[in-house]
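Colleague: I would like a close look at one strand and what surrounds it. Please keep to that part and follow it outwards.

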Amino acid sequence: MATQLIREWTGIQQFPPATQSKLLELLGKLKQENVSTLTILVMGKGGVGKSSTVNSILGERVAAVSAFQSEGLRPVICSRSRAGFTLNIIDTPGLVEGGYINERALDIIKRFLFNRTIDVLLYVDRLDAYRVDNLDRQVIKAITDSFGKGIWHRAITVLTHAQLSPPDGLNYDEFFTRRSAALLKVVRLGARIKKQELQDPAMPIALVENSGRCNVNESGEKVLPNGTAWIPHLVNMITEVISNGSKPIVVDKKLIEGPNPNDRGKFFIPLILAFQASYSKSYFLLIHHLYKYFFVVKKIQQKIKEDIALEIPPDWELRDVGFS
Ligand SMILES: Nc1nc2c(ncn2[C@@H]2O[C@H](COP(=O)(O)OP(=O)(O)OP(=O)(O)O)[C@@H](O)[C@H]2O)c(=O)[nH]1
Ligand SMILES: [Mg+2]
(Lines give C-alpha, C1' and ligand atoms only; values in the text may rest on other atoms or scores of the structure.)
(Ligands and ions follow the chains in the order given, each with its own letter.)
Protein backbone atom coordinates (compact mmCIF):
# COMPACT_ATOMS: atom_id res chain seq x y z
CA MET A 1 0.00 0.00 0.00
CA ALA A 2 1.21 3.49 -0.75
CA THR A 3 2.60 5.23 2.28
CA GLN A 4 0.40 7.88 3.70
CA LEU A 5 0.49 10.20 6.60
CA ILE A 6 -1.78 9.16 9.42
CA ARG A 7 -2.56 12.07 11.67
CA GLU A 8 -4.36 12.17 14.95
CA TRP A 9 -8.02 12.92 14.32
CA THR A 10 -8.17 16.30 15.96
CA GLY A 11 -11.12 17.45 13.89
CA ILE A 12 -13.41 15.39 16.07
CA GLN A 13 -12.93 18.00 18.79
CA GLN A 14 -14.59 20.57 16.55
CA PHE A 15 -17.88 18.77 16.97
CA PRO A 16 -20.23 19.60 19.82
CA PRO A 17 -19.79 17.22 22.81
CA ALA A 18 -23.01 15.35 21.96
CA THR A 19 -21.70 14.46 18.47
CA GLN A 20 -18.23 13.65 19.81
CA SER A 21 -19.52 11.16 22.36
CA LYS A 22 -21.77 9.44 19.79
CA LEU A 23 -18.85 9.14 17.37
CA LEU A 24 -16.51 7.78 20.03
CA GLU A 25 -19.17 5.29 21.05
CA LEU A 26 -19.45 4.07 17.43
CA LEU A 27 -15.68 3.76 17.14
CA GLY A 28 -15.66 1.80 20.37
CA LYS A 29 -18.29 -0.56 18.97
CA LEU A 30 -16.18 -1.11 15.85
CA LYS A 31 -13.11 -1.88 17.95
CA GLN A 32 -15.13 -4.43 19.87
CA GLU A 33 -15.90 -6.11 16.55
CA ASN A 34 -12.15 -6.09 15.82
CA VAL A 35 -12.44 -3.41 13.18
CA SER A 36 -9.50 -1.07 13.59
CA THR A 37 -9.32 0.47 10.11
CA LEU A 38 -12.05 1.74 7.91
CA THR A 39 -11.58 2.92 4.33
CA ILE A 40 -14.36 4.96 2.80
CA LEU A 41 -14.43 5.78 -0.90
CA VAL A 42 -16.40 8.85 -1.97
CA MET A 43 -17.61 8.99 -5.56
CA GLY A 44 -20.21 10.70 -7.69
CA LYS A 45 -20.76 13.27 -10.40
CA GLY A 46 -18.96 16.61 -10.32
CA GLY A 47 -19.99 19.34 -7.90
CA VAL A 48 -22.49 17.26 -5.94
CA GLY A 49 -20.72 17.87 -2.62
CA LYS A 50 -18.23 14.98 -2.31
CA SER A 51 -15.36 17.06 -0.93
CA SER A 52 -17.68 19.02 1.35
CA THR A 53 -19.05 15.76 2.79
CA VAL A 54 -15.51 14.50 3.46
CA ASN A 55 -14.73 17.72 5.32
CA SER A 56 -17.99 17.53 7.28
CA ILE A 57 -17.36 13.95 8.44
CA LEU A 58 -13.80 14.69 9.54
CA GLY A 59 -14.56 18.10 11.01
CA GLU A 60 -11.57 19.48 9.13
CA ARG A 61 -10.97 21.18 5.82
CA VAL A 62 -8.96 18.49 4.13
CA ALA A 63 -10.47 18.43 0.66
CA ALA A 64 -10.70 21.42 -1.63
CA VAL A 65 -14.25 22.59 -2.12
CA SER A 66 -15.18 24.63 -5.12
CA ALA A 67 -18.40 25.97 -6.52
CA PHE A 68 -16.86 25.49 -9.94
CA GLN A 69 -15.49 22.39 -11.55
CA SER A 70 -12.32 21.20 -9.83
CA GLU A 71 -9.23 21.05 -11.98
CA GLY A 72 -7.39 18.13 -10.45
CA LEU A 73 -8.04 14.54 -11.43
CA ARG A 74 -6.18 12.96 -8.56
CA PRO A 75 -8.03 11.39 -5.68
CA VAL A 76 -7.05 12.54 -2.21
CA ILE A 77 -6.75 10.20 0.75
CA CYS A 78 -7.07 11.53 4.23
CA SER A 79 -6.14 9.32 7.17
CA ARG A 80 -6.97 10.09 10.76
CA SER A 81 -6.46 7.98 13.82
CA ARG A 82 -8.17 8.06 17.15
CA ALA A 83 -7.73 5.71 20.08
CA GLY A 84 -6.13 2.98 17.97
CA PHE A 85 -8.66 3.32 15.20
CA THR A 86 -7.78 4.59 11.71
CA LEU A 87 -10.25 6.21 9.36
CA ASN A 88 -9.25 6.63 5.70
CA ILE A 89 -11.47 8.72 3.49
CA ILE A 90 -10.75 8.93 -0.21
CA ASP A 91 -12.17 11.91 -2.04
CA THR A 92 -12.29 11.57 -5.81
CA PRO A 93 -12.78 13.94 -8.73
CA GLY A 94 -16.20 14.11 -10.39
CA LEU A 95 -16.87 11.26 -12.79
CA VAL A 96 -18.61 13.29 -15.45
CA GLU A 97 -17.18 15.81 -17.82
CA GLY A 98 -19.03 17.55 -20.62
CA GLY A 99 -21.95 15.14 -20.38
CA TYR A 100 -19.80 12.01 -20.59
CA ILE A 101 -18.10 9.66 -18.18
CA ASN A 102 -14.58 10.86 -17.61
CA GLU A 103 -12.77 7.60 -18.35
CA ARG A 104 -9.39 9.09 -17.58
CA ALA A 105 -10.50 10.19 -14.12
CA LEU A 106 -11.96 6.73 -13.55
CA ASP A 107 -8.73 5.07 -14.58
CA ILE A 108 -6.68 7.33 -12.30
CA ILE A 109 -9.05 6.51 -9.40
CA LYS A 110 -8.71 2.77 -10.01
CA ARG A 111 -4.93 2.95 -10.08
CA PHE A 112 -4.88 5.13 -7.00
CA LEU A 113 -6.88 2.48 -5.16
CA PHE A 114 -4.51 -0.33 -6.12
CA ASN A 115 -3.79 -2.62 -3.16
CA ARG A 116 -6.38 -0.96 -0.98
CA THR A 117 -9.53 -2.40 0.46
CA ILE A 118 -12.72 -0.39 0.19
CA ASP A 119 -14.96 -0.95 3.17
CA VAL A 120 -17.68 1.47 2.23
CA LEU A 121 -18.64 3.47 -0.84
CA LEU A 122 -20.40 6.77 -0.36
CA TYR A 123 -22.18 7.43 -3.61
CA VAL A 124 -22.92 11.14 -3.49
CA ASP A 125 -25.65 13.05 -5.27
CA ARG A 126 -27.88 15.99 -4.41
CA LEU A 127 -31.25 15.76 -2.78
CA ASP A 128 -32.40 18.88 -4.58
CA ALA A 129 -32.20 17.39 -8.05
CA TYR A 130 -35.50 16.52 -9.57
CA ARG A 131 -34.56 14.06 -12.23
CA VAL A 132 -32.42 11.04 -12.77
CA ASP A 133 -31.27 10.48 -16.30
CA ASN A 134 -29.13 8.29 -18.48
CA LEU A 135 -25.98 9.99 -17.26
CA ASP A 136 -26.71 8.86 -13.69
CA ARG A 137 -27.07 5.37 -15.02
CA GLN A 138 -23.76 5.68 -16.85
CA VAL A 139 -22.01 6.80 -13.65
CA ILE A 140 -23.41 3.82 -11.74
CA LYS A 141 -22.43 1.51 -14.57
CA ALA A 142 -18.89 2.92 -14.65
CA ILE A 143 -18.49 2.31 -10.90
CA THR A 144 -19.93 -1.20 -11.25
CA ASP A 145 -17.71 -2.06 -14.22
CA SER A 146 -14.67 -0.90 -12.26
CA PHE A 147 -15.26 -2.53 -8.89
CA GLY A 148 -17.91 -5.19 -9.47
CA LYS A 149 -21.54 -5.36 -8.45
CA GLY A 150 -20.55 -6.26 -4.90
CA ILE A 151 -19.64 -2.65 -4.23
CA TRP A 152 -23.33 -1.77 -4.05
CA HIS A 153 -23.76 -4.03 -1.05
CA ARG A 154 -21.14 -1.84 0.60
CA ALA A 155 -22.67 1.42 -0.54
CA ILE A 156 -24.59 4.26 1.01
CA THR A 157 -26.22 6.84 -1.23
CA VAL A 158 -25.53 10.22 0.28
CA LEU A 159 -27.80 13.10 -0.65
CA THR A 160 -26.39 16.56 -0.02
CA HIS A 161 -28.26 19.87 0.13
CA ALA A 162 -30.70 18.12 2.42
CA GLN A 163 -31.96 21.32 4.01
CA LEU A 164 -34.49 22.23 1.39
CA SER A 165 -38.09 23.22 0.92
CA PRO A 166 -39.61 20.72 -1.49
CA PRO A 167 -41.30 22.01 -4.64
CA ASP A 168 -44.84 21.41 -5.86
CA GLY A 169 -46.45 21.39 -2.43
CA LEU A 170 -44.85 18.07 -1.47
CA ASN A 171 -43.88 17.63 2.13
CA TYR A 172 -40.29 16.79 3.02
CA ASP A 173 -40.82 13.08 3.61
CA GLU A 174 -42.77 12.63 0.39
CA PHE A 175 -40.08 14.42 -1.55
CA PHE A 176 -37.31 12.37 0.05
CA THR A 177 -39.19 9.11 -0.59
CA ARG A 178 -39.69 9.93 -4.25
CA ARG A 179 -36.13 11.07 -4.83
CA SER A 180 -34.80 7.97 -3.03
CA ALA A 181 -36.98 5.63 -5.06
CA ALA A 182 -35.86 7.22 -8.32
CA LEU A 183 -32.20 6.95 -7.30
CA LEU A 184 -32.45 3.37 -6.10
CA LYS A 185 -34.04 2.46 -9.38
CA VAL A 186 -31.25 4.04 -11.38
CA VAL A 187 -28.66 2.26 -9.21
CA ARG A 188 -30.38 -1.06 -9.84
CA LEU A 189 -30.56 -0.42 -13.57
CA GLY A 190 -27.02 0.92 -13.90
CA ALA A 191 -25.54 -1.89 -11.81
CA ARG A 192 -27.90 -4.51 -13.31
CA ILE A 193 -28.94 -5.66 -9.87
CA LYS A 194 -32.21 -7.52 -9.50
CA LYS A 195 -34.86 -5.89 -7.37
CA GLN A 196 -34.78 -8.61 -4.71
CA GLU A 197 -30.99 -8.39 -4.42
CA LEU A 198 -31.04 -4.82 -3.13
CA GLN A 199 -34.14 -5.06 -1.03
CA ASP A 200 -32.69 -7.15 1.71
CA PRO A 201 -30.84 -5.31 3.02
CA ALA A 202 -32.11 -2.26 1.15
CA MET A 203 -29.39 0.13 0.10
CA PRO A 204 -29.29 2.84 2.75
CA ILE A 205 -29.71 6.49 1.86
CA ALA A 206 -28.23 9.19 4.06
CA LEU A 207 -29.11 12.86 4.09
CA VAL A 208 -26.38 15.45 4.47
CA GLU A 209 -26.32 19.21 4.78
CA ASN A 210 -22.82 20.58 4.39
CA SER A 211 -23.76 24.23 4.37
CA GLY A 212 -22.65 26.46 7.24
CA ARG A 213 -26.28 27.48 7.42
CA CYS A 214 -27.38 24.01 8.47
CA ASN A 215 -29.76 24.15 11.42
CA VAL A 216 -28.51 22.96 14.80
CA ASN A 217 -30.33 21.43 17.74
CA GLU A 218 -30.10 22.54 21.38
CA SER A 219 -26.85 20.57 21.76
CA GLY A 220 -25.34 22.44 18.84
CA GLU A 221 -25.43 19.43 16.51
CA LYS A 222 -26.15 19.95 12.81
CA VAL A 223 -29.63 18.64 12.13
CA LEU A 224 -31.80 17.78 9.15
CA PRO A 225 -35.29 19.26 8.76
CA ASN A 226 -36.62 16.12 10.53
CA GLY A 227 -34.44 16.84 13.56
CA THR A 228 -31.88 14.04 13.01
CA ALA A 229 -28.28 14.92 13.87
CA TRP A 230 -26.91 13.83 10.54
CA ILE A 231 -23.16 13.31 11.22
CA PRO A 232 -23.51 10.58 13.88
CA HIS A 233 -26.44 9.15 11.89
CA LEU A 234 -24.26 8.81 8.78
CA VAL A 235 -21.39 7.28 10.76
CA ASN A 236 -23.85 4.85 12.33
CA MET A 237 -25.04 3.82 8.84
CA ILE A 238 -21.40 3.24 7.88
CA THR A 239 -20.91 0.88 10.83
CA GLU A 240 -24.09 -0.97 9.84
CA VAL A 241 -22.96 -1.41 6.25
CA ILE A 242 -19.66 -2.97 7.25
CA SER A 243 -21.43 -5.54 9.38
CA ASN A 244 -24.16 -6.46 6.87
CA GLY A 245 -22.40 -9.69 5.89
CA SER A 246 -21.09 -8.52 2.53
CA LYS A 247 -17.42 -8.51 1.60
CA PRO A 248 -15.23 -5.41 1.31
CA ILE A 249 -13.82 -4.69 -2.13
CA VAL A 250 -10.16 -5.59 -2.52
CA VAL A 251 -8.68 -3.60 -5.38
CA ASP A 252 -6.09 -6.02 -6.72
CA LYS A 253 -4.28 -6.36 -10.03
CA LYS A 254 -7.04 -8.52 -11.44
CA LEU A 255 -9.64 -5.85 -10.72
CA ILE A 256 -7.55 -3.09 -12.25
CA GLU A 257 -6.17 -4.82 -15.31
CA GLY A 258 -8.52 -7.71 -15.76
CA PRO A 259 -11.74 -7.77 -17.69
CA ASN A 260 -14.93 -6.30 -16.35
CA PRO A 261 -15.35 -8.05 -12.97
CA ASN A 262 -18.99 -8.68 -13.73
CA ASP A 263 -18.12 -10.80 -16.75
CA ARG A 264 -16.56 -13.58 -14.70
CA GLY A 265 -19.66 -15.76 -15.02
CA LYS A 266 -18.93 -15.92 -18.73
CA PHE A 267 -16.08 -18.24 -17.82
CA PHE A 268 -18.75 -20.95 -17.76
CA ILE A 269 -19.69 -20.48 -21.40
CA PRO A 270 -17.02 -22.94 -22.70
CA LEU A 271 -18.33 -25.49 -20.17
CA ILE A 272 -21.86 -25.06 -21.46
CA LEU A 273 -20.62 -25.54 -25.03
CA ALA A 274 -18.72 -28.67 -23.98
CA PHE A 275 -21.85 -29.98 -22.33
CA GLN A 276 -23.81 -29.29 -25.49
CA ALA A 277 -21.11 -31.03 -27.51
CA SER A 278 -21.29 -34.16 -25.35
CA TYR A 279 -25.04 -33.98 -25.65
CA SER A 280 -24.79 -33.97 -29.44
CA LYS A 281 -22.31 -36.86 -29.17
CA SER A 282 -24.93 -39.03 -27.48
CA TYR A 283 -27.39 -37.94 -30.13
CA PHE A 284 -24.93 -39.13 -32.74
CA LEU A 285 -24.60 -42.50 -30.99
CA LEU A 286 -28.36 -42.90 -30.91
CA ILE A 287 -28.58 -42.30 -34.68
CA HIS A 288 -25.72 -44.72 -35.17
CA HIS A 289 -27.55 -47.47 -33.21
CA LEU A 290 -30.80 -46.87 -35.04
CA TYR A 291 -28.92 -47.15 -38.30
CA LYS A 292 -27.30 -50.43 -37.23
CA TYR A 293 -30.67 -51.74 -36.07
CA PHE A 294 -32.18 -50.80 -39.42
CA PHE A 295 -29.50 -52.85 -41.27
CA VAL A 296 -29.93 -55.88 -39.04
CA VAL A 297 -33.69 -55.83 -39.67
CA LYS A 298 -33.07 -55.40 -43.40
CA LYS A 299 -30.68 -58.38 -43.37
CA ILE A 300 -33.19 -60.61 -41.55
CA GLN A 301 -35.88 -59.62 -44.05
CA GLN A 302 -33.52 -60.49 -46.91
CA LYS A 303 -32.77 -63.87 -45.35
CA ILE A 304 -36.46 -64.67 -44.93
CA LYS A 305 -37.07 -63.77 -48.59
CA GLU A 306 -34.25 -66.07 -49.71
CA ASP A 307 -35.61 -68.92 -47.58
CA ILE A 308 -39.05 -68.46 -49.05
CA ALA A 309 -37.63 -68.56 -52.55
CA LEU A 310 -35.87 -71.87 -51.84
CA GLU A 311 -39.04 -73.51 -50.50
CA ILE A 312 -40.94 -75.87 -52.80
CA PRO A 313 -44.21 -74.23 -53.59
CA PRO A 314 -47.39 -76.03 -52.49
CA ASP A 315 -49.51 -77.88 -55.08
CA TRP A 316 -52.21 -75.36 -55.38
CA GLU A 317 -49.71 -72.66 -56.16
CA LEU A 318 -48.11 -74.70 -58.93
CA ARG A 319 -51.54 -75.44 -60.20
CA ASP A 320 -52.38 -71.83 -60.42
CA VAL A 321 -49.49 -71.09 -62.67
CA GLY A 322 -50.27 -74.00 -64.93
CA PHE A 323 -47.64 -76.59 -63.85
CA SER A 324 -50.07 -79.17 -62.75
N1 LIG B 1 -26.12 24.29 0.42
C2 LIG B 1 -25.25 23.32 0.27
N3 LIG B 1 -24.16 23.48 -0.52
C4 LIG B 1 -23.30 22.44 -0.67
C5 LIG B 1 -23.52 21.21 0.00
N6 LIG B 1 -22.51 20.37 -0.33
C7 LIG B 1 -21.70 21.07 -1.16
N8 LIG B 1 -22.17 22.32 -1.37
C9 LIG B 1 -21.59 23.35 -2.25
O10 LIG B 1 -21.55 22.82 -3.56
C11 LIG B 1 -20.36 23.23 -4.25
C12 LIG B 1 -19.56 21.98 -4.70
O13 LIG B 1 -19.15 21.28 -3.54
P14 LIG B 1 -17.90 20.26 -3.55
O15 LIG B 1 -17.84 19.67 -2.21
O16 LIG B 1 -16.68 20.97 -4.06
O17 LIG B 1 -18.41 19.24 -4.61
P18 LIG B 1 -17.57 18.02 -5.25
O19 LIG B 1 -18.54 16.95 -5.51
O20 LIG B 1 -16.40 17.69 -4.43
O21 LIG B 1 -17.13 18.68 -6.61
P22 LIG B 1 -15.98 18.13 -7.62
O23 LIG B 1 -14.80 17.74 -6.80
O24 LIG B 1 -15.70 19.30 -8.50
O25 LIG B 1 -16.57 17.02 -8.36
C26 LIG B 1 -19.60 24.08 -3.26
O27 LIG B 1 -19.92 25.42 -3.53
C28 LIG B 1 -20.15 23.67 -1.90
O29 LIG B 1 -20.11 24.69 -0.96
C30 LIG B 1 -24.68 21.08 0.84
O31 LIG B 1 -24.96 20.03 1.46
N32 LIG B 1 -25.51 22.16 0.93
MG1 LIG C 1 -14.37 17.66 -4.88
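Which residue in E9 stands opposite Leu121? And where does that leave the strand within its sheet?

Modeller: Leu121 of E8 faces Ala155 in E9. This is a predicted model, in which local features need pLDDT of at least 70 and side-chain atom pairs count only at pLDDT 80 or more, while totals for chains, interfaces and linings use all residues. Residues are numbered from 1 along each chain as its sequence is written, chains are lettered from A and ligands numbered from 1 in the order in which they are written, and side-chain values use heavy atoms, with hydrogens and water left out.

The pair Leu121 and Ala155 belongs to a parallel pairing, since E8 and E9 run parallel and are joined by 6 bridges (strands pair if DSSP finds at least two bridges between them; strands are DSSP runs E of at least two residues and helices are runs H or I of at least four, both numbered from the N terminus). On its other side E8 is joined to E2 by 5 bridges, again parallel, with Val124 of E8 opposite Gly44.

The whole sheet is open, has 7 strands and mixed pairing, and follows the order E1-E3-E4-E2-E8-E9-E10. Its edges are E1 (6–8) and E10 (205–207), each of which pairs on one side only. From one strand to the next the twist averages 25° (axes are lines fitted to C-alpha atoms, for helices over the stretch in contact; angles run from 0 to 180 degrees between N-to-C directions). Beyond E2 comes E4: residues 37–44 and 85–91 form these two strands, which run parallel and share 6 bridges. In that pairing Leu38 is opposite Leu87.

Two helices pack on the sheet and reach E8. H4 (residues 134–147) touches E2 and E8 (120–126), its direction making about 170° with that of E8. H7 (residues 230–242) touches E2, E8, E9 (155–160) and E10, and its direction makes about 165° with that of E9. Contact means heavy atoms within 4.5 Å. E8 is largely enclosed by the rest of the structure, because 6 of its 7 residues are buried (under 20% relative accessible area; exposed is over 50% and partly exposed in between, with a 1.4 Å probe and protein chains only).

The side chains follow this arrangement. Leu122, Ile156 and Leu234 touch the most other members of the largest nonpolar core, which has 47 residues (such a core is a set of buried Ala, Val, Leu, Ile, Met, Phe, Trp, Tyr and Cys residues joined through side-chain atoms within 4.5 Å). H7 gives the most to this core, 8 residues. Neighbours within four places in sequence aside, Ile156 is in contact with Val120, Leu121, Leu122 and Tyr123, and also with Pro204, Ala206, Leu234, Met237, Ile238 and Val241. A second core, separate from the largest one, has 29 residues, among them Leu95, Tyr123, Ile143 and Ala191.

Before H7, the loop that follows E10 holds Gly227. Gly227 counts as partly exposed because its relative accessibility is 45%. Its C-alpha atom is 8.9 Å from that of Asn215, a residue 12 places away along the chain.
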